[in-house]
Structure formats: C-alpha cells, structure tokens
Amino acid sequence: MAEKSYPLNMTEYDATDAQLWHATRTSGVYAMNHLAVKPGGGMLVALSTGVAWLAHSMFGGVVYANTLDLSLTLPYADATLDRYDRIMIRYDVVANTVSAVVRQGVAASSPQKPAPQRDGFAYEICVASILRPKGATEIGAQHIVDERMNAEVCGLMSDGVTRLDTQAFYQQITSDLAYFRGTQQAAFLAWFADMRDTLSGDVAGNLLDKMQEIKTDGALNVYTHTKTGKVHNFSGSGVNGRAKITAAFAAGDTFAVNGAACPAYAGAGAVAKLPAGHWATFVYDGTMLDFGGDADIDAASQRSAMGLGNTTGPLPIANGGTGASEGMGARANLGLKNGAETEIQRGSLYVTVPSSSTPGLAYTYFYWQFSGTPCVTATVRTSVPNKRFVSLNGVDPAGVSFYVYADTSGPVYLEYIAVKN
C-alpha cells in the first residue's frame, strides 16, 4: 500500500504504521543528561539512564530507553597500536531489537573511529568514543569522548521542523578540548597536583609558604648569572629581575642577557662594581640592563651626578678644585706665582654681600690695600657656610681686588693672607 495514515478509527495497524506518528523526529538523545558514558573500572564503562530516538528511515524510527545504569565490557587494548572503540545504540532490523553495544575499531598508528552502521540491516547512533592506548589495562575519563552533541553520529532528538543543530557547538567544544589537551593539560595537571599537596597536611603552613613564594618571586623574576671570560650573562625572563652574582665585575667586563650583548648601567652611570656572592636586582627592558643602586657607578659618573664634572682627573676650578694634580700646576691655574713665598700681611674682616635679583649669584666687590712690596699674590678664605667662592680680579703694587660670591646676601667673614714671591 503506497498511501498510509495513522491513526484512523476501525483500522488495523502494525509497528511501521505507528512509527509514522513520529516521522518528523530526528535521531539523538532526548536530553543532554541522557545516556552518558563514564568509566566503570578496569575494562568497563557505565551507560547512564536515558532515552534516544533512532530515525532509521524517512517514514519512521524507534525509541530506545535505558532505565538502569548499564555496564559494558570493552575488549582488551592492542599491545602495540592505539585504537578507538565506540558505544552505539543499535537498531538491528533483522533481529528486531534495539540495544547498547560496543563497536570495536581497528588498531593503527593513526587510528580512526568506526563509523555507525546505517543500512537496510541496522541503524546506529554513537553516544561516546573511547581511545584505547596500546597496552592500556584501564579506561579513564580522559579516554572518553562524549559524542552525544555530535549531530553527524548522534545529536539531540528534536522535531525536524524546529530542530536545534548541535553540530557547531560540538565542533567548537571538540576543538577547544583538543587545544587544551595539546597545550595546557600538562601545565594544569602539574598545577592541580601542586595545589592538592598545598591543601593537604598542614594547610595553613602550606598556604603561608605559597604566599611567601608569591611575595618573593611574583615581583622579581629570578635570573641565573654566569661569567665567561669578560662577559657577564644573565639567563631568564621578565622586566624586573634578580640574580646571585657568581663572579665579580672587573674593568673591561661586558654584559649580555640570554646570550645577546647589551649595555648595562647603574642608575646615572656605568657599572663599576658587582661583588661576587651578592644578590643584585635590575630592570631589563629588552635593550639594556639597569642595576640602579645595586652596582656602584664609576667615579666619573659619581662626580657628574654631584655636579663636579664628568671626569676622573683633577677637579675643575669651577667646581671648587684647582684643575691640576700637583702644586705647581695648581698655583699656576689659580693665577699664583710659583717659587719661594714670604708672608707679608694677614688679617680678617667682614664683607657684606648685598641681595641679588638672581638667586645664588649675590656678590660684592672687595679691594684689599696693603703697604707691602710689589708683585704680591694673595689667597682669601672664609669660615662661613654661605660663601660660594672668591674670584681674583686683579693685583697691583698697592693691593689686590676680589669679587666675593655668596648663596645668600649678608655679612661674610673673610680671613686673608698676602704673600711675596
């Protein structure tokens, strides 16, 4: 009979006729918590309770129900090759039965999952795939792949008109899970094992240790220091670092980070000292190392930072020095004649420095007259802290003139000595 209808009064029907009532249903489980597969210990898996629909043809299908948790035994794993097995809900057309079965796959170097049988003899949906690693004697949760949302082999049962396609969801979940297992699972398991140890035994003490680790290592990244020849190499990563110095810094040494040469500084200047056996902290921005105050800067940089001139030689006159390293040169630089000297006059007085419109440059002119022999030189010094320096203006037979500079206005006490060459 080509035309069928169901149900009609006073009409005899068989099972195929009754299946028309649900002809628009799609294959799959009734809900996401139906027919889940879990490890059952050893070679067993457990199939949870639930209902599924198997739409084996365009005009009908059959329902499957599991009312109690069901144990299924899987065959032993291959000794040398991996394999995939699958848990199927199978409608056997010839036997006229519907049941849960194990479909064994083929062991191979790149194993494939066995495809559900869907022909005139049987119709299957797959609720789970199980990886069988070679030589494995137990099935764990990590070996089971949930296939219930995979619309190609199972999916959620629904009316064909309002069907929710779960294939896109399944593919996204499968992709995320594969990425996690390939890149993050090992790190996660290590972290989990560490936290499990932390939260056992002396929980409070273990948590305190963790806090100390975070306090110590969270802000500063630990680098390893080695010295080969004249190269100090720091191995590690992170902007803020610390390392124990294994060999002291010496003049002419250079620096590298992870084998790449880079300049190194100690705040405002070049590195002058890194003692062996000490911990040093530093900042590495990818192009240079900066030890801040943990590495003494060189003398020239120290003097520059103090405003005394970036030089390792004699202190310049402008910075309160003589500009020379020996007495004769110092006297000449200061305008003093060299040779035997005879003191001809000394004394002291106050000089009043007026206020100035330019802070720090207050000064007064001072002429010191004396009755000594011509060709004299003179030095002037002060005992008060607000005096900046005294500048020689000129010398004549009758006296010597000075400019007295001070940081602030007011009286400046001077002591003077006149000498004859």
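Is Asp146 buried, partly exposed or exposed? In this model, which is a predicted one, Asp146 is partly exposed, with a relative accessible area of 39%, and that value is a convenient place from which to begin a walk through the charged pairs, the sheets and the surroundings of a serine.

Asp146 has a charged partner, since its side chain meets that of Arg148 in a salt bridge with an N to O distance of 2.8 Å. The two ends of this pair fall into separate classes of accessibility, because Arg148, at a relative accessible area of 9%, is buried, whereas Asp146, at 39%, is partly exposed. Side chains of opposite charge can pair when their charged atoms come close. The structure holds ten salt bridges in the count made here, and among them are two further pairs that deserve a look.

One of these is the salt bridge between the side chains of Glu124 and Arg103, with an N to O distance of 2.6 Å. Glu124 belongs to strand E9, residues 122-132, and Arg103 belongs to strand E8, residues 97-103, so that this pair ties together parts lying 21 residues apart in sequence. Glu124 counts as buried because its relative accessibility is 1%, while Arg103, at 21%, counts as partly exposed; with the boundary for burial set at under 20%, the value of 21% places Arg103 in the partly exposed class. The other pair is Arg90 with Asp92, whose side chains meet in a salt bridge at 4.0 Å, N to O, and here Asp92 counts as buried at 19% relative accessibility. Returning to the bridge between Arg148 and Asp146, at 2.8 Å, one can set beside it the network in which salt bridges that share partners join Arg90, Asp92, Arg103 and Glu124.

The strands that carry Glu124 and Arg103 lead on to a sheet. Four strands make up an open sheet in the order E8-E7-E9-E10, and their pairing is antiparallel. At its edges stand E8 and strand E10, residues 144-146, each of which pairs on one side only. Neighbouring strands of this sheet are turned against each other by 25 degrees on average, with direction ignored. Within the sheet, strand E7, residues 83-92, pairs with E9 in the antiparallel sense over ten bridges, and Tyr84 stands opposite Leu131 in E9.

Another open sheet of four strands follows the order E12-E13-E15-E16, and its pairing is mixed. Strand E12, residues 224-228, and strand E16, residues 260-262, stand at the edges with a single partner strand each, so one side of each is left without a neighbour in the sheet. In this sheet the neighbouring strands are turned by 30 degrees against each other on average, again with direction ignored. E12 and strand E13, residues 231-235, pair in the antiparallel sense over five bridges, and His225 stands opposite Phe234 in E13. Strands of a sheet pair through backbone hydrogen bonds, either parallel or antiparallel.

A further group of paired strands is centred, for this account, on strand E4. Six of the eight residues of E4, residues 50-57, are buried, so this strand is largely enclosed by the rest of the structure. Two bridges join E1 to E4 in an antiparallel arrangement, with Gly28 opposite Trp53 in E4. Six bridges join E4 to strand E5, residues 60-66, and these two strands also run antiparallel; in E5 the bridge partner of Trp53 is Val63. E4 and E5 form a hairpin, with two residues between them.

Ser27 is found in the loop between helix H1, residues 15-18, and strand E1, residues 28-29, and with a relative accessible area of 11% it is buried. A polar atom of the side chain of Ser27 lies 2.8 Å from the backbone nitrogen of Ala55, and the side chain of Ser27 also makes a polar contact with the side chain of Tyr123 at 2.9 Å. Leaving aside residues up to four places away in sequence, the residues that Ser27 touches include Trp53, Leu54, Ile125 and Cys154.

Cys154 raises the matter of disulfides, of which a search of the whole structure finds zero. The cysteine sulfur nearest to that of Cys154 belongs to Cys126 and is 7.5 Å away, and Cys154 is in no disulfide. Cys154 is buried, with a relative accessible area of 3%, and Cys262 likewise counts as buried, at 10% relative accessibility.

How values were computed
Residues numbered from 1 in each chain as written. Predicted model: local features only at pLDDT ≥ 70, side-chain atom pairs only at ≥ 80, totals over all residues. Heavy atoms only, no water. Buried < 20%, exposed > 50% of the residue type's maximum accessible area, 1.4 Å probe, protein only. Polar contact = N/O pair within 3.5 Å; in protein donor to acceptor, adjacent residues only side chain to side chain. Contact = heavy atoms within 4.5 Å. Pairing = 2+ DSSP bridges. Axes fitted to C-alpha atoms, helices over the stretch in contact; angles between N-to-C directions. Disulfide = S-S within 2.5 Å.
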